[in-house]
Amino acid sequence: MRHKITAAAACAIAALAIAGCSSASSSGSSGTSSSTSAPSELTVWRMGASVPSEVTWMNGIVAEFHQDYPAYKNTKINVVWVPWGNRTTDWTDALTSGKNAPDITELGNTDTPTEASLGMLANISSYVDSWSTKPDLVSGMLANDTQNGNVYGLPWFGGVRGVWYRKDQFKAAGITSTPTTWPALVADAKKLMKKFPSTYGIGAPSNYTNAIVSFIWGAGGQVATESGGKWTADLTSAASEAGIKFYADLLLTDKVSPSKYVGETELGNPGATSGGSNEDFALGKLDMYVDGPWASAEFPANAVDKANWASFPIPSEAGPSPAPAFAGGSDLGVWATSKDKAADWDLIQVMDSEPNATSFANLQGFFPPFTNKLTGGAYAGSAVMSGFAKAATVTQISPLNAKNWGTADATDAIIPTMMKALDRGANFAATVSQANTELQNVLNTGQES
């Protein structure tokens, strides 16, 4: 996902919803150790750089852990900061060598199923099932950490995409409520273009897999499904084709998206950090724009009409529920060979308590994995964050967590290549069929046909 942003920028985003980026003072845990003996030390692998704000947050967690669990008052917590690009190699080395392994590790949520299948993660089902906070976990996030009925990770925070818009523009165009269906989305885009003739209604970049999949899911389709270890691509189903066609038609038929976005990501040409639909929205040239709440940190300094920024979830084909959004973020897992799993779980409970997970999510510009935090409170009072928070309650991850998804998307760009061809007038059935064949081959073999 495109949101490994600086902590300073994340605080600026979070300030739209909640003031401050400090950790909470209460874990909500029982304070009773579930371990029969206290380990001398526990090692926690955190992903990313040891920026001061995150170090401060972790220091607060360690202090709270020692306070809430007096049995561990002499347990040293070693925090190791692992660059995201090194994580797979470091996990593999720890597994194969049996040395220098963590007790607890942060994982990108697309990593968890693969690392669990390789035997790196402990089955923590009994701990999670007895956790008083489990009923409030977003079901789609926990499902990603579950294999064959066993839980191998705990959702920690996540980020989703929604639709950015401006309240004053909607009002001026006579739009009284945000759209919840595809026909309403197109109709509103056309109303905005009529009222603001120098703009386009909504951006539809072709190289934007994480947005495109929401439209596939929003029609009831699937990108691919897995059974018995084998992936079956599903882009050619009627529902999936409906989502693909709708996205392409935002340019081809409805003409509410400019042709300049063909071959572009939301940030412009591949590899660019600005200049695409993100910048056009910020400068008032684009009326609606798909991205996450972290995007405001990437808008140019001369962005306009900031006071009227707001969001709503990506609509589904027929409404009223939103289209599922891809939920990227991080999980917490217990290392399979750790000798202190009960103590590991006690520390995870502190890291992932509702107050602490919420404070950390705000620090990152993401959301905590708890439904009650997403449907009320501070997010509900923020025009920008409320729409994204609602989107975060309806999420999906598979197959973007498949072992070979990186090859399918980042390397082979199967869905972007398909969409770019469609935007340029290629035959719909043949183009989608070719992409479907390539996707299935890559997901199963790691190699394109």
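These legends go with close-up views of a predicted model.

**View 1. A five-stranded open sheet with mixed pairing.**
Reading across this sheet, the strands come in the order β2-β1-β3-β14-β6. The edges belong to β2 (76-82) and β6 (154-159); each has a single partner strand, so one side of each is left without a neighbour in the sheet. Direction ignored, neighbouring strands here are turned by 20° against each other on average. Take a look at β1 (residues 41-47) beside β2: the two pair in the parallel sense, over seven bridges. One spot to find is Leu42, whose bridge partner in β2 is Ile77.

**View 2. Helices α2 and α3 against the five-stranded sheet.**
Helix α2 (residues 52-68) lies across β1, β2 and β6, and its run makes about 155° with β2. Helix α3 (residues 87-97) packs on the sheet too, where it touches β1, β2 and β3 (104-108). The direction of α3 is at about 150° to that of β1.

**View 3. A four-stranded open sheet, and the helix that packs on it.**
Here the order is β8-β11-β7-β12, and the pairing is again mixed. At the edges you'll find β8 (200-202) and β12 (309-312), each of which pairs on one side only. Neighbouring strands in this sheet are turned by 30° against each other on average, direction ignored. Strand β7 (residues 162-166) pairs with β12 in the antiparallel sense over four bridges, and Val163 stands opposite Phe312 of β12. Helix α8 (residues 182-195) packs on this sheet and touches β8, β11 (286-291) and β12. Its direction makes about 140° with that of β11.

**View 4. Trp164 and Phe299, an edge-to-face ring pair.**
Searching the whole structure turns up 30 aromatic pairs. In the one shown here, the ring centres of Trp164 and Phe299 are 5.3 Å apart and the planes sit at 70°; planes over 60 degrees apart count as edge-to-face, so that is what this pair is. Trp164 belongs to strand β7, while Phe299 is in the loop between β11 and β12, so the pair ties together parts that are 135 residues apart in sequence. Are these two residues buried or exposed? Trp164 is buried, with a relative accessible area of 0%. Phe299 counts as buried too, at 8% relative accessibility.

**View 5. A ring cluster, and an arginine over a phenylalanine.**
Two bits of aromatic scenery are shown in this view. Ring pairs join Trp57, Trp156, Phe157, Trp294, Phe360 and Phe366 into a cluster. Then there's Arg166, which lies over the face of Phe281 at 4.4 Å from the ring centre.

**View 6. Helix α9, mostly covered, and its packing with α17.**
How many residues of α9 (residues 209-218) are buried? Ten of its ten, among them Asn210, Phe215 and Trp217. Helix α17 (residues 414-423) packs with α9 at an angle of about 75°, with the axes 10 Å apart. The two helices are therefore roughly perpendicular to each other. On the α9 side, Thr209, Ile212 and Val213 do the meeting; on the α17 side, the residues are Ile415, Pro416 and Met419. Just after α9, look for Gly220, which takes a positive phi of about 90°.

Methods
Residues numbered from 1 in each chain as written. Predicted model: local features only at pLDDT ≥ 70, side-chain atom pairs only at ≥ 80, totals over all residues. Heavy atoms only, no water. Buried < 20%, exposed > 50% of the residue type's maximum accessible area, 1.4 Å probe, protein only. Pairing = 2+ DSSP bridges. Axes fitted to C-alpha atoms, helices over the stretch in contact; angles between N-to-C directions. Contact = heavy atoms within 4.5 Å. Phe/Tyr/Trp six-rings, centres within 6.5 Å; stacked < 30°, edge-to-face > 60°. Lys NZ or Arg CZ within 6 Å of the ring centre and 35° of its normal. Parallel < 35°, antiparallel > 145°, perpendicular 65-115°, else oblique.
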